[in-house]
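Reader: I would be grateful for a close look at a single part of this model, followed by an account of how that part relates to the rest of the chain. Please keep to what the coordinates support.

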Amino acid sequence: MSDLNTSIDAQLMTLAAISYAGETDGSAAKAKTAITSQLTDESYATGGAWSLIWGPAVVDDDNLIFVAERASDKAIAIVLRGTVFDNLESWWEDVPTKLVPSPGDNGSVFNHFLTAAQAMLQATDPETGAALDTVLSPM
């Protein structure tokens, strides 16, 4: 028997899929409208139970990060989107080029991934200007 909680696994996978809403525009405002709409869709595995509490922030025209909260238990999810499927330049960013040490000396990652991840984690909410850590620090 698996230890996986399929309900939360399905919800987290759905949040990852929702991060691609409005992906081709590059506009945080349009992405926010699309993501907010999909988060309310009760037919998804997320059941309409999650809401946007920070972001989304679009970084380098293709990467995106947002924070969602499930009202019932105040669980949060930090959702990252990398590659934009119909953008060749976005795919180029994924080509492995050079391994670099990962933060915390826990192995290695490809340099393009590390650069993108660090930029997303330093992003600010385009509407409020709030840094990601300000929404996470009270938790």
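**Gly 55 and its surroundings**

Author: Gly 55 is found in strand β1, which covers residues 50–59. The model is a predicted one, and the confidence in this part can be stated at once: among the elements of the protein chain, β1 has the highest mean pLDDT, at 95, and helix α3 (residues 88–92) the lowest, at 65. For the protein chain as a whole the mean pLDDT is 86, and 86% of the residues reach 70 or more.

Gly 55 has a relative accessible area of 4% and therefore counts as buried, the limit being under 20%. Leaving aside residues up to four places away in sequence, Gly 55 touches Lys 32, Ile 65 and Asp 125. A further pairing links distant parts of the sequence: Gly 55 and Ala 123 are 68 residues apart along the chain, yet their C-alpha atoms are 9.0 Å apart in space. The backbone at this point also deserves attention. The peptide bond that joins Gly 55 and Pro 56 is cis, with omega at about 5°. Pro 56, too, lies in strand β1.

The wider setting is as follows. The protein chain has five helices and five strands, and from the N terminus on its elements run α-α-β-β-β-α-β-β-α-α. Of the 139 residues in the protein chain, 31% are buried. Where contacts join residues at least 6 apart in sequence, 43% of them join residues at least 24 apart. The accessible surface of the protein chain comes to about 8,300 Å², and carbon and sulfur atoms account for 56% of that area.

Next, the nonpolar cores. In soluble globular proteins, nonpolar side chains tend to be buried together. The largest nonpolar core here has twelve residues, including Leu 15, Ile 18, Ile 35, Leu 39, Trp 50, Phe 66 and Val 79. Two or more of the core residues come from each of α1 (6–18), α2 (28–39), β2 (63–70) and β3 (75–81). Apart from this core lies another, of nine residues, among them Trp 54, Ile 65, Met 120 and Leu 132. Ile 65, a member of that other core, is one of the residues that Gly 55 touches.

Helix α1 offers two further views of the packing. Ile 18, which belongs to the largest core, touches Ile 35, Gln 38, Leu 39, Tyr 44 and Thr 46 when residues up to four places away in sequence are not counted. Thr 14 lies in helix α1 as well. Thr 14 is at 16% relative accessibility and so counts as buried, since the limit is under 20%. On the same basis of sequence separation, the contacts of Thr 14 are Tyr 44, Ala 45 and Thr 46. Tyr 44 and Thr 46 are thus touched by Ile 18 and by Thr 14.

Two other local features complete the account. Lys 74, in the loop between β2 and β3, has a positive phi of about 60° although it is not a glycine. With a relative accessible area of 54%, Lys 74 counts as exposed, because the limit for that class is over 50%. As for the rings, Arg 81 lies over the face of Tyr 20, at 5.8 Å from the ring centre, while the count of aromatic pairs comes to zero.

Technical notes: Residues numbered from 1 in each chain as written. Predicted model: local features only at pLDDT ≥ 70, side-chain atom pairs only at ≥ 80, totals over all residues. Heavy atoms only, no water. Phe/Tyr/Trp six-rings, centres within 6.5 Å; stacked < 30°, edge-to-face > 60°. Lys NZ or Arg CZ within 6 Å of the ring centre and 35° of its normal. Core = buried A, V, L, I, M, F, W, Y, C linked by side-chain atoms within 4.5 Å. Buried < 20%, exposed > 50% of the residue type's maximum accessible area, 1.4 Å probe, protein only. Helix = DSSP H or I, 4+ residues; strand = E, 2+ residues; numbered from the N terminus. Contact = heavy atoms within 4.5 Å. Areas by Shrake-Rupley, 256 points an atom, 1.4 Å probe, with all protein chains shown as cover. pLDDT = per-residue confidence, 0-100.
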